Amino acid sequence: MENNLIEDVNVLIKRRIEELGELKSMGIEPYAYDYPVDSYSEDIKRNFSELENQNVSVAGRIMTLRRMGKASFATIQDSKGRIQIYLKKDDLAESYEAFKLFDIGDIIGGKGFVFKTKTGEISVHLKELKLLAKSVRPIPIPKEVIDESGKKTIHDQFVDKELRFRQRYVDLIVNPEVREVFRKRSKIITAIRSYLDKNDLLEVETPVLQPLYGGASAKPFITHHNALDIPLYLRIADELYLKRLIIGGFDGVYEISKDFRNEGMDKTHNPEFTMLELYVAYKDYNWMMKFVEDMIYDLCVSVFGTTDFTLEGETISFSKPWRRVSMVEAIKEKTGLDIVSASDDEIKTVAKKIGADLSGYKSRGKLIDEIFELTVQDELRQPTFLYEYPVETSPLAKKHRTFPGLVERFEGFVAGKEICNAFSELNDPFDQKARFEDQVKARDKGDEEAQTFDEDYVRALEYGMPPTAGLGIGIDRLVMLLTGQTSIRDVLLFPQMKPE
């Protein structure tokens, strides 16, 4: 069946290439340089009462085609939607003859007047027609069939996930709802940037190629700089560079950036992803909780006009305030284990009992993370701040001012997924040095994701960093939640894929 399909496609491509030759022999340039567009499909429909009988210039891709001798109808798709065009031989002369060689998928431009057909469809009656780009490869066009009972069946949809992600250009052509997801993504990022700017935070840029990676627990991608003859790492986080800027005297900085982690891929992980990181001097994690609530509430209202969203049939509300849950208490409620006072052996026993992966070396912090993920995380459905983390899980967070063994850290969870991570930032250089040393020990024992010892960052802290609140938000996961998508690949235009 697949070979027959390939054969059919090859026949169509051959025919279209022959048509291309015929068009050139007629003196028609099949790949134009430009076209003066002044109107778009949805704008014409929305403003029909003003535009009726007015001249417009439109352009788009042919999505349906109905030839009827001396007249034809077609539907073109532009960046905003679709609109019908009407073509008449008497109006177009030689262009109409060339139109016989046009196909679904070709990009055309035309000038004419706006009118409504006898069936009531708003259309453009073309008086000028120009081929802008010949499509030699046929696009998959779904066909709708409605039976006698009114039931609609759609055939030949471009729905294969792997193919859609590999050929995103085709996906965007034939699945308009996909384009809408990425428009929403752009608006979400714009709304976040606007909110941060309004709050006097300065947008900055930090290195993508770093001589020493840090700021998160993850494996990096490694490359080599030929001129300097040194290894370099694609950043796994922006944190340590941004905090250097706070030390330097900025009160608030942020970066919306691409980060890279050499880890597995699943529904919520892609090796290349977009992060927002921000740091604000003289604030703590309590202040940051309120800031996150307000920022996400603001973007929901400004972009979507609502704080309620549906994800896989579940209603998620970003109304304020979010629920607050202690990690220590949540794990104790589920397992009876006090992760602060328990011994390493007690933690390992509980982890084994609940089915955690104990292969290889697992630090105390890693085991606590796995216990949390297996017993608590999936139940955090509505927006929730999980706070009070054990010090072993958070090498860059400040020790809790009240409870020994804990740090001032929170993570935001929605629909069982983590979307943000925040600290009262550790600004004691001696404590930071000791934490880095513990990470080195964990790495020596086999923890590949343990953080590296950044001597320059410790030196920077020795000059003094004011009390600081820091935050990281996974933009891709946030977009997933707000657009109702269940896989990170659905909100990345070009997700990482295995080679074909």
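## The five-stranded barrel

In this predicted model, Ile108 has Leu131 of strand 5 as its bridge partner. The two strands concerned, strand 4 (residues 107–116) and strand 5 (residues 122–133), run antiparallel to each other and are joined over 10 bridges. They belong to a barrel that five strands close in the order 1-2-3-5-4, with mixed pairing. Within this sheet, neighbouring strands are turned against each other by 55° on average when direction is ignored.

## The chain as a whole

The chain comprises 16 helices and 20 strands, and its C-alpha atoms fill a box of roughly 85 × 55 × 50 Å along the principal axes. Of its 500 residues, 49% count as buried. When contacts between residues at least 6 apart in sequence are considered, 64% of them join residues at least 24 apart.

## The eight-stranded open sheet

A further sheet is open and has eight strands, arranged in the order 8-12-13-20-19-18-17-16 with mixed pairing. Its edges are formed by strand 8 (202–203) and strand 16 (323–326), each of which pairs on one side only. Helix 10 (residues 285–304) packs on this sheet, where it touches strand 13, strand 16, strand 17 (384–390), strand 18 (406–414), strand 19 (417–424) and strand 20 (468–474), and the direction of the helix makes about 40° with that of strand 20.

Within the sheet, strand 12 (residues 252–260) and strand 13 (residues 272–281) are paired in the antiparallel sense over nine bridges. In this pairing Phe260 stands opposite Glu272 of strand 13.

## Two nonpolar cores

The largest nonpolar core contains 47 residues, of which Ile192, Leu276 and Leu278 touch the most other members. Helix 10 supplies the largest share of this core, namely 10 residues. Once residues up to four places away in sequence are set aside, Ile192 touches Ile256, Leu276, Met295, Leu299, Ile475 and Leu478. Another core, lying apart from this one, has 40 residues, including Leu396, Ala397, Tyr457 and Met465.

## Helix 8 against helix 10

Helix 8 (residues 176–198) and helix 10 have axes that come within 9 Å and cross at roughly 130°, and the two helices are therefore oblique to each other. Their crossing is right-handed. On the side of helix 8, the contact involves Lys184, Lys187, Ile188, Ala191, Ile192, Tyr195, Leu196 and Lys198, which meet Phe291, Asp294, Met295, Asp298, Leu299, Ser302, Val303 and Phe304 of helix 10.

Asp294, a residue of helix 10, has a relative accessible area of 17% and so counts as buried, the limit being under 20%. Apart from residues up to four places away in sequence, Asp294 touches Tyr195 and Lys320.

## Helix 11 against helix 13

A second helix pair is formed by helix 11 (residues 327–335) and helix 13, whose axes come within 10 Å and cross at roughly 65°. The crossing of helix 11 and helix 13 is left-handed. Met327, Ile331, Lys334 and Thr335 of helix 11 make the contact with Ile368, Asp369, Ile371, Phe372 and Thr375 of helix 13.

The loop between helix 12 (344–353) and helix 13 (364–375) holds Lys362. Neighbours within four places in sequence aside, Lys362 is in contact with Asp357, Leu367 and Glu370. Lys362 and Lys445 are separated by 83 residues in sequence, yet their C-alpha atoms are 8.8 Å apart in space.

## Strands 9, 10 and 11

Strand 11 (residues 230–234) pairs with both strand 9 and strand 10. With strand 9 (residues 209–210) it runs antiparallel and is joined by two bridges, and Leu209 has Leu234 of strand 11 as its bridge partner.

The pairing of strand 11 with strand 10 (residues 222–225) is likewise antiparallel and extends over four bridges, with Thr223 standing opposite Leu232 of strand 11. Strand 10 and strand 11 form a hairpin that has four residues between the strands, and in this hairpin Asp229 takes a positive phi near 55°.

Definitions and conventions
Residues numbered from 1 in each chain as written. Predicted model: local features only at pLDDT ≥ 70, side-chain atom pairs only at ≥ 80, totals over all residues. Heavy atoms only, no water. Contact = heavy atoms within 4.5 Å. Pairing = 2+ DSSP bridges. Axes fitted to C-alpha atoms, helices over the stretch in contact; angles between N-to-C directions. Core = buried A, V, L, I, M, F, W, Y, C linked by side-chain atoms within 4.5 Å. Buried < 20%, exposed > 50% of the residue type's maximum accessible area, 1.4 Å probe, protein only. Parallel < 35°, antiparallel > 145°, perpendicular 65-115°, else oblique. Left-handed = near helix turned anticlockwise from the far one by under 90°.
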